[in-house]
Amino acid sequence: MRTLHSNIGAVAMIAPVVHTGNNTAGAVDLLGFESACLVVNTGAIDGAGAFSIKLQESDETAGGTFADVATEHLQGDVPSPLEADSVYRLGYIGNKRYLRSVLTRASGTSIALGAVLVKGHPAEAPVA
């Protein structure tokens, strides 16, 4: 029997709380992993909120070096604006070392949301 548990790494990108504004996650290092997938879980959206989320990539962690991931390096689709009470997966097939998520509020009051980056295909398994 194979287990997924020993073959993935999981990193919290956005804390699962009620967000009232923009949120840019810290950089996550993909060194030692060949794939990644952002998993976003939404709850209630108040005040006709319009929130969107995207992935950015970089070869280094310095401030201004992150850029939006090109569409051809993404798998799956996340609607804009996000919908309440939903789960989305956004696969990354690019080749940059660092990823971060960016939550943007266009309008409204708040959204309950959390996001986790799942890193897969490790160079060394089991993953601690």
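# Exercises on strands, core and polar contacts

A polar contact of 2.8 Å joins the side chains of Ser58 and Thr65. The model is predicted, and the exercises below start from this pair.

**Exercise 1. Describe the surroundings of Ser58: is the residue buried or exposed, and which residues is Ser58 in contact with?**

Step 1. Place the residue: Ser58 belongs to strand S5.

Step 2. Assign the burial class. The cut-off for buried is under 20% relative accessible area. Ser58 has 2% relative accessibility and therefore counts as buried.

Step 3. List the polar partners of the side chain. Besides the contact with the side chain of Thr65 at 2.8 Å, the Ser58 side chain reaches the backbone oxygen of Glu60 at 2.5 Å.

Step 4. Set aside neighbours within four places in sequence. The residues then in contact with Ser58 are Thr65, Phe66, Lys96, Arg97 and Tyr98.

**Exercise 2. Locate Asp59 and find which side chain makes a polar contact with that of Asp59.**

Step 1. Asp59 lies in the loop between S5 and strand S6 (67-68).

Step 2. With neighbours within four places left out, Asp59 is in contact with Lys96, Arg97 and Tyr98.

Step 3. Of these, Lys96 supplies a side-chain polar contact to the side chain of Asp59, at 3.2 Å.

Step 4. For a distance across the model, take Met13: 46 residues separate Asp59 and Met13 along the chain, and their C-alpha atoms are 18 Å apart.

**Exercise 3. Determine which strands pair with S9, and what the side chain of Arg100 makes a polar contact with.**

Step 1. Collect the pairings. S9 runs antiparallel to strand S2 (residues 23-24), with two bridges. Two bridges also join S9 to strand S3 (residues 28-29), again antiparallel. Nine bridges join S9 to S5, and this pair is antiparallel as well.

Step 2. Give one bridge position for each pair. Asn23 is opposite Leu103, Val28 has Leu99 as its bridge partner, and Gln56 has Arg100.

Step 3. Turn to Arg100, a residue of strand S9. Arg100 is buried and has no salt bridge. The nearest side chain of opposite charge is that of Asp68, 7.3 Å away; the salt-bridge cut-off is 4 Å.

Step 4. The polar contact is made with Gln56: the two side chains meet at 2.8 Å. Gln56 is also the bridge partner of Arg100.

**Exercise 4. State the strand order of the open sheet and identify the edge strands.**

Step 1. The five strands follow the order S1-S10-S4-S8-S7, with antiparallel pairing.

Step 2. S1 and strand S7 (74-75) are the edge strands, since each pairs on one side only.

Step 3. Examine one pair inside the order. S4 and S10 run antiparallel and are joined by eleven bridges. Ile45 stands opposite Ile111 of S10.

**Exercise 5. Describe the largest nonpolar core: how many residues does it have, and which element gives the most?**

Step 1. The core has 23 residues, and those with the most contacts inside it are Met13, Leu38, Ile53, Leu82 and Leu117.

Step 2. Two or more residues each come from strands S1 (8-19), S4 (33-46), S5 (50-58), S8 (87-92), S9 (98-107) and S10 (110-122).

Step 3. S10 gives the most, with four residues.

Step 4. Take Leu38 as a sample. Beyond neighbours within four places in sequence, the residues in contact with Leu38 include Met13, Ile53, Leu55, Leu90, Ala115 and Leu117. Polar residues are also in contact with Leu38, among them Arg89 and Ser101.

Key. Residues numbered from 1 in each chain as written. Predicted model: local features only at pLDDT ≥ 70, side-chain atom pairs only at ≥ 80, totals over all residues. Heavy atoms only, no water. Core = buried A, V, L, I, M, F, W, Y, C linked by side-chain atoms within 4.5 Å. Buried < 20%, exposed > 50% of the residue type's maximum accessible area, 1.4 Å probe, protein only. Contact = heavy atoms within 4.5 Å. Polar contact = N/O pair within 3.5 Å; in protein donor to acceptor, adjacent residues only side chain to side chain. Lys, Arg positive; Asp, Glu negative; His and termini not counted. Pairing = 2+ DSSP bridges.
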